[in-house]
Amino acid sequence: MGSQKLLLVTLFLLAFASSAQGYDFFYFVQQWPGSYCNTNNQRCCYPIYGKPPSGFGIHGLWPNYNRPPYGAYPQNCYSNSIPIMSNRQVSGLVPNLQTNWPSWTCPRSDSSNFWQHEWTKHGTCSEAVLSQYDYFRVSLQFKQSTNILQCLITAGILPNGRYYTLASVTAAIEKCIRHTIYVKCNIDKWGHDQLYEVYTCINKSGTMLIDCPVLPTPTCLSFWIRFPSF
Ligand SMILES: *[C@@H]1O[C@H](CO)[C@@H](O)[C@H](O)[C@H]1NC(C)=O
């Protein structure tokens, strides 16, 4: 009896440990600073190193499940990895991170707290596949290979404060990167839906874009969404 119980407990722990560490794919999330700043519920500040070039910036690379319960994702996984700024390889990426992964929070910062937060919350859950250095290196590579702003401009969708249909925004990006995506909206000061983030999907090994296996709940509820200038 005692050994049976022990066996059950062991099996349970093994199942729990493997599901806690597993994930099926990544969301690679880029944000439009105009919509981060242009909303009632948050202030925004330029980083201390100045205004980064106009464009989408990286929010994060997020390991995700493609199975129920949908909406759940692994986070803050156990890790004994060193703080990112003590990692000499990661330090070598800092100029590139400053340009492509800026933090807009106030008070102004050097953005490193943002990178550390993304690593701790999300990156630690894919550490068996992407080392701390690879997590940042691969994110920067995908940022470069998916030029979302250029995709939109090519389709005549410009950050000029005008309104576009969600369908046209989605189609423009999907045609350009040849994979399905998700557009997330937030609400501007006047209560209108606006283009806030673009989620692309990357396979489990972090090597290539894929069609998104599962999409978050829709957040662009109006037919027309605004693309604010920045
Ligand atoms: C991801 O894509 C690469 C390149 O095609 C492939 O070699 C690898 O097996 C894929 N990984 C997964 C987990 O699908």
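Good morning. I begin with one contact at the ligand: a nitrogen atom of the ligand sits 2.6 Å from an N or O atom in the side chain of Ser 205. Please keep in mind throughout that this is a predicted model.

Two further residues make polar approaches to the ligand. In the side chain of Asn 203, an N or O atom is 2.3 Å from an oxygen atom of the ligand. Thr 207 has a polar side-chain atom that lies 3.0 Å from a ligand oxygen atom. As for overall coverage, the ligand on its own has 360 Å² of accessible area, and the protein covers 40% of that.

Which residues surround the ligand? They are Asn 203, Lys 204, Ser 205, Thr 207 and Met 208. By character, this shell divides into 3 polar residues, 1 nonpolar and 1 charged.

I now turn to the pockets of the protein. The largest pocket has a volume of about 370 Å³. It is lined by 21 residues, and those closest to its centre are Tyr 27, Asn 64, Gly 71, Tyr 73 and Pro 216.

Which element gives the most to this lining? Helix H5 does, with 4 residues. H5 spans residues 112-121, and strand S2, at 57-64, likewise supplies at least two residues of the lining.

Finally, the character of the lining of the largest pocket: 12 of its residues are nonpolar, 6 are polar and 3 are charged. For the shell around the ligand, I repeat, the division is 1 nonpolar, 3 polar and 1 charged. Thank you for your attention.

Terms used. Residues are numbered from 1 along each chain as its sequence is written. This is a predicted model: local features need pLDDT of at least 70, side-chain atom pairs count only at pLDDT 80 or more; totals for chains, interfaces and linings use all residues. Side-chain values use heavy atoms; hydrogens and water are left out. A residue is near a molecule or strand if one of its heavy atoms lies within 4 Å of it. A polar contact is a pair of N or O atoms within 3.5 Å; within protein, one must be able to donate a hydrogen and the other to accept it, and residues adjacent in sequence count only if both atoms are side-chain atoms. Accessible areas come from the Shrake-Rupley method with a 1.4 Å probe; for residues, only the protein chains shown count as cover. Ala, Val, Leu, Ile, Met, Phe, Trp, Tyr, Cys and Pro count as nonpolar, Asp, Glu, Lys and Arg as charged, and the others, Gly among them, as polar. On a 1 Å grid over the protein atoms alone, a cavity is a set of points where a 1.4 Å probe fits but cannot get out, and a pocket is an open set with protein on both sides within 12 Å along at least five of seven lines; lining residues have an atom within 4 Å of a point. Grid points are joined across faces, edges and corners, and a volume is the space filled by probe spheres set on the points.
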